[in-house]
2 protein chains.
Amino acid sequence: MNAERLLSDLRAGQTAALARAISVVENARPGFEQLLSAIHGDTGRARRIGITGPPGAGKSTLVERLVSAFRAGGHRVAVVAVDPTSPFTGGALLGDRIRMESVALDRDVYIRSMATRGSLGGLATTTGEVCDVLDAAGFDRILLETVGVGQSELDVARMADTTVLVLVPESGDGIQTLKSGVMEIADVFVVNKADRPGAEKLRQEIEVTLGIRRGNALRNVPAHHGALAFRRVRAGAAPVGADGRWTPPVALAVAAKGEGVEELARALDAHFDWLVASGELDERRRRRLFERTREVVDRATRRWVWDESHADRWIQERMDEVAAGRASPYDVAAEVVETLKQGERV
Amino acid sequence: MNAERLLSDLRAGQTAALARAISVVENARPGFEQLLSAIHGDTGRARRIGITGPPGAGKSTLVERLVSAFRAGGHRVAVVAVDPTSPFTGGALLGDRIRMESVALDRDVYIRSMATRGSLGGLATTTGEVCDVLDAAGFDRILLETVGVGQSELDVARMADTTVLVLVPESGDGIQTLKSGVMEIADVFVVNKADRPGAEKLRQEIEVTLGIRRGNALRNVPAHHGALAFRRVRAGAAPVGADGRWTPPVALAVAAKGEGVEELARALDAHFDWLVASGELDERRRRRLFERTREVVDRATRRWVWDESHADRWIQERMDEVAAGRASPYDVAAEVVETLKQGERV
């Protein structure tokens, strides 16, 4: 199938073309950047919502419920589940996927698990590119679920317009040890499995931690502001302070029973409205496009150095000297780069 | 302190200079590549041993015991503990470090935890470079402990001459789900906490898995070959087959009681002897130097593109068009790279 045909089938909403286009992008097959370039003008319509949190927090169940809520609102929904390769814990993920069966047969729902190994330009970039394909194909809600934990999840979360951090009452003890950057990325908190003991306590801990970490900006707001913020959402108002800043609401939910999901969906809407009104949406998307461009430059530069130039052969020819200690890897690398800078083929 | 002074102090074995040199390398401070280039000829004397495995396998205890065993043999020992940033599980690691106190006061033991964030050239490269510093400083045994799990651990393990995979009886159920690449990197297996039920069963499972995964090469050896291989080690012989291939021994250990540690140390010696005799040591180190050189080229290329050229400004100037959908990130990136290829400053 040629590229133009793929593009027109994709725009016509053909599922087979969609699956094919995503594969092309995910595996960096020939022509993938041309495809992405061609659809660039069709992107920017979907709301991208990242769902992250520690294993066992019930993210998949929550995502499944959110999908249903979005479908009830008439939206076409895509789910991208990302599993940063964890060689020692490969077991549990398939189960999560299977559980999503209740929505998997709906043709306006598209679910995709991302294999993450060997992605050329980094996991986050590839994920963002897959979201672009879904966006161009007309899905107007994209849920980006990161299964597992790690720096790569934070990077993936930055691909979203709105990021939801899902915790469970048991996370209480661990919240102080969350590395910096984790709390800060969340626009909305969910304390899931809130029918277990400690849910309210965790909510308060989140508030305290936010207050401390965000340079005291939240110190002067009353206790339970997260709960208050969420009550405002429930009442149809946005949790935005007099200074125009967004106060991350902390929602209690029992996703397995569907409790708190409607409210969460409303909080997501409220956050999106705030993003638009405050100009933050434009800013976030612009930042993403800037980072994307940088990544593509890095990718293209690596292709140039390793595929088009003869840098590999050059290095290979010097290996005897390097192994014998007569030249260092740094000497050889410097020679290669100097030559590249001259604009000659190495 | 200037670079030459640092270098001579490092060679004179001054601990303060060592700590400083490692910091310079770890944080890619100005002059770090010159330093690494200067010490390149002093490297290659240390044996680098990677210790990896799932959390809770008792790696730190095993490492501590190994340090004592190496010290008893008169060696100077360095431990590099790597913790790939895991934002949701930041708690347990400090405890591990503290437990290593029994050897921490010995001045011929150097223990270093690696912060991994923001390392310019990738975690594995930086770790390898820190090992080079320790090697040049005269440590002849370097233990590379990877705390946690993930692709980055596999990459780090590849920095070692010998890799030890530590499992526990409870790993039994999970071993079938270990992603490919995990079993294959191990030169020596340790079933730690072997006083718990299931240790012997796990050993057999490891053998079966190895037999299947290594293209049946081990299919024709008797059952319990891992145990047999280990008995050969104990008897002072190497577990090397008639074809000259190394059979990974599977050691049972209870590191907390010191059981099995002497035997493990002997297996490590046997493996190193095999590496030398088979020519595999030269090959592995040559491969590492080749990869290192490639990484340094990538790093230098990125510095050129982002620090020395004006690519950032170029991209920034086009962002209005990109945000409006009139140009794609791929268009802009292609222009930048084309200009770089011309050898001009962007």
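1. In this predicted model, residue V77(B) stands opposite R141(B), which lies in strand β4(B). The two strands concerned, β2(B) and β4 (residues 141-146) of chain B, pair in the parallel sense, and six bridges join them.

2. Strand β2(B) also pairs with strand β3 (residues 109-114) of chain B, again in the parallel sense and over six bridges. Within this pairing, V80(B) has R112(B) of β3(B) as its bridge partner.

3. The surroundings of strand β2 (residues 77-82) of chain B deserve attention. Six of its six residues are buried, so the strand is largely enclosed by the rest of the structure.

4. In a regular strand, side chains alternate between the two faces of the sheet. In β2(B), V77(B), V79(B) and A81(B) point one way, while A78(B), V80(B) and V82(B) point the other way. The residues of both sets are buried.

5. A further point concerns two helices. Two packed helices are described by the angle between their axes and the distance between the axes. For helix α1 (residues 3-11) of chain B and helix α2 (residues 15-26) of chain B, the axes come within 8 Å and cross at roughly 125°. Because of this angle, α1(B) is oblique to α2(B). The crossing of α1(B) past α2(B) is left-handed.

6. Which residues of α1(B) meet α2(B)? They are L6(B), D9(B) and L10(B), and their counterparts in α2(B) are A17(B), L18(B), R20(B) and A21(B). The residues of this contact between α1(B) and α2(B) comprise five nonpolar and two charged, with no polar ones.

How values were computed:
Residues are numbered from 1 along each chain as its sequence is written. Chains are lettered from A and ligands numbered from 1 in the order in which they are written. This is a predicted model: local features need pLDDT of at least 70, side-chain atom pairs count only at pLDDT 80 or more; totals for chains, interfaces and linings use all residues. Axes are lines fitted to C-alpha atoms, for helices over the stretch in contact, and angles run from 0 to 180 degrees between N-to-C directions. Helices (H or I, at least four residues) and strands (E, at least two) are DSSP runs, numbered from the N terminus. Angles under 35 degrees count as roughly parallel, over 145 as roughly antiparallel, 65 to 115 as roughly perpendicular and the rest as oblique. A crossing is left-handed if the near helix is turned anticlockwise from the far one by less than a right angle, and right-handed if clockwise. Two residues are in contact if their C-beta atoms, placed from the backbone, lie within 7 Å. Ala, Val, Leu, Ile, Met, Phe, Trp, Tyr, Cys and Pro count as nonpolar, Asp, Glu, Lys and Arg as charged, and the others, Gly among them, as polar. A residue is buried if 20 or more other C-beta atoms lie within 10 Å of its own, exposed if 12 or fewer, and partly exposed in between; C-beta atoms are placed from the backbone. Two strands pair if DSSP finds at least two bridges between them.
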